[in-house]
Amino acid sequence: MVADMNRLEQAARVSMSGFQDAEAPPSTPARASHPVLRLIAVVLVAAIALTLAMQFN
């Protein structure tokens, strides 16, 4: 049962990645940029909230 699930997972990875190696590790720079993107999103939301607050004053 577990071996079947592993085979299905590997087949799904291969089909999603096209001709890339199924055992290739994920790229770490993309993971490192997530906190920066989250910070940018928070700053943008704060800027929008401030803009809306000034519109109602």
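A residue is counted as buried when its relative accessible area is under 20%, and in this predicted model 2% of the 57 residues of the chain meet that description. The accessible surface of the chain amounts to about 5,400 Å², and carbon and sulfur atoms account for 70% of that area.

With regard to secondary structure, the chain contains 3 helices and 0 strands, so that the pattern read along the sequence is α-α-α. The confidence of the prediction, expressed as pLDDT, averages 75 over the chain, with 63% of the residues scoring at least 70. Among the elements of the chain, the lowest mean pLDDT, 53, is found for helix H2, which spans residues 28-32, whereas the highest, 91, is found for H3.

Helix H3 covers residues 34-56 and includes Leu-44. This leucine, Leu-44, also takes part in a nonpolar surface patch of about 370 Å², to which Val-36, Leu-37 and Ile-40 contribute as well.

Technical notes: Residues numbered from 1 in each chain as written. Predicted model: local features only at pLDDT ≥ 70, side-chain atom pairs only at ≥ 80, totals over all residues. Heavy atoms only, no water. Patch = residues over 30% accessible without salt bridge, like charges linked within 9 Å, V, L, I, M, F, W, Y side chains within 5 Å. Areas by Shrake-Rupley, 256 points an atom, 1.4 Å probe, with all protein chains shown as cover. Salt bridge = Lys/Arg side-chain N within 4 Å of Asp/Glu carboxyl O. Helix = DSSP H or I, 4+ residues; strand = E, 2+ residues; numbered from the N terminus. pLDDT = per-residue confidence, 0-100. Buried < 20%, exposed > 50% of the residue type's maximum accessible area, 1.4 Å probe, protein only.
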